[in-house]
Amino acid sequence: MTEVRLHEVELLPERTLGGPSDDEPLRGRLTFGWDVLPADHEGVPAEWASYVKATPGRAFRQLLMVCSFRPETPAAKGAFRHASLGVALSTPDGGEQPVARLIDPGERTRPVAGSGMGMSFTVHAGVLEVGVEKPPGAESQRDEWIVRGHGSSQPNPQWEFRRVKHYPLTGDHPVAALVELVPDRLNRAEVLMAAELEHRSWGIRRYRARLTPSVQAIVLAG
């Protein structure tokens, strides 16, 4: 078991042409936390355990992170539309870098009801006519991603989060990376967050936050 302590994150607005000049930092809408765990920690995905066993002589850590998105309030308006979490793995001398060998999730989905309609194609006298078909009494359903990971086997993995129909971007969203360490070096991770919120009066507003300033970077080993 692990206990991730969440910390409040202040989202700083990006200045854009036509945006409000007095836009304040957004507070109380995002919390972030992390933990660094051994590679053989209880609950590790089976694929990760197999990978570690198949690569003896190398050192690994699990980097577990949680982003918690909160609904809008009268004091902090706007609905989360999209967000991204980026991790930069490094050593102090900037030489060889730790690598996120495996990431989780690669993709997390939710079932979303579709229109249940399809396309029909008919040719009359050499002219293609396109029509719409809707099967009687049924709606189609498809899986839409809400979290998507990128950068496996890279030193800079990242995850995207988005809202989809009937699933607002709120609540806790855990992600993790199996990091291969650089031996005999200080291994660290810095985390950046970007988010888009939709305001009724301002439209789309973009924010950024450095979740782990360089002086407080996540130490993986050292």
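1. In which sense do strand 6 and strand 9 pair, and over how many bridges? In this predicted model, strand 6 (residues 107–113) and strand 9 (residues 141–150) are antiparallel, and seven bridges join them. Within this pairing, V112 has R142 of strand 9 as its bridge partner. Strand 9 also runs antiparallel to strand 10 (residues 158–162), with four bridges between the two. There, R148 is matched with E160 of strand 10.

2. The overall composition may be stated briefly. The chain contains one helix and 14 strands. It has 222 residues, of which 38% count as buried. Of the contacts between residues at least 6 apart in sequence, 74% join residues at least 24 apart. The exposed area of the chain is about 12900 Å², and carbon and sulfur atoms supply 50% of that area.

3. The loop between strand 10 and strand 11 (171–180) contains V164. Its relative accessible area is 13%, below the 20% limit, so V164 is buried. Beyond its neighbours within four places in sequence, V164 is in contact with V112, E144, W145 and I146. For V164 and I146, the C-alpha to C-alpha distance is 6.9 Å, although 18 residues separate them in sequence.

4. The largest nonpolar core has 39 residues, and the members touching the most others are M65, F69, L85, W159, F161 and M193. Setting aside neighbours within four places in sequence, the contacts of M65 include F32, W34, L85, V87, W159 and V191. A second, separate core has seven residues, among them A39, F60, L64 and L178.

5. Four aromatic pairs are counted. In one of them, the ring centres of F32 and W34 are 5.9 Å apart and the planes meet at 35°, so the pair is classed as tilted. F32 is buried at 2% relative accessibility, whereas W34 is partly exposed at 29%. A single aromatic cluster is formed by F69, F80 and F161; F69 and F161 also appear among the residues named above for the largest nonpolar core.

6. The model holds 12 salt bridges. One of these joins E180 to R58, with the closest N and O atoms 3.5 Å apart. Because E180 belongs to strand 11 and R58 to the loop between helix 1 (46–54) and strand 3 (60–69), the pair ties together parts 122 residues apart in sequence. E180 is buried at 15% relative accessibility, while R58 is partly exposed at 44%. Both residues belong, together with R101, to a network of salt bridges.

7. A further salt bridge is formed by the side chains of E196 and R81, at 2.7 Å from N to O. This pair links distant parts of the chain, since E196 is in strand 12 (residues 187–199) and R81 is in strand 4 (residues 79–90), 115 residues apart. E196 is buried, with a relative accessible area of 16%, and R81 is partly exposed, with 37%.

8. Strand 12 also supplies E198, whose salt bridge with R163 has its closest N and O atoms 2.4 Å apart. R163 lies in the loop between strand 10 and strand 11, so this pair ties together parts 35 residues apart in sequence. E198 is partly exposed at 34% relative accessible area, and R163 is likewise partly exposed, at 32%.

Technical notes. Residues numbered from 1 in each chain as written. Predicted model: local features only at pLDDT ≥ 70, side-chain atom pairs only at ≥ 80, totals over all residues. Heavy atoms only, no water. Buried < 20%, exposed > 50% of the residue type's maximum accessible area, 1.4 Å probe, protein only. Contact = heavy atoms within 4.5 Å. Areas by Shrake-Rupley, 256 points an atom, 1.4 Å probe, with all protein chains shown as cover. Pairing = 2+ DSSP bridges. Phe/Tyr/Trp six-rings, centres within 6.5 Å; stacked < 30°, edge-to-face > 60°. Core = buried A, V, L, I, M, F, W, Y, C linked by side-chain atoms within 4.5 Å. Salt bridge = Lys/Arg side-chain N within 4 Å of Asp/Glu carboxyl O.
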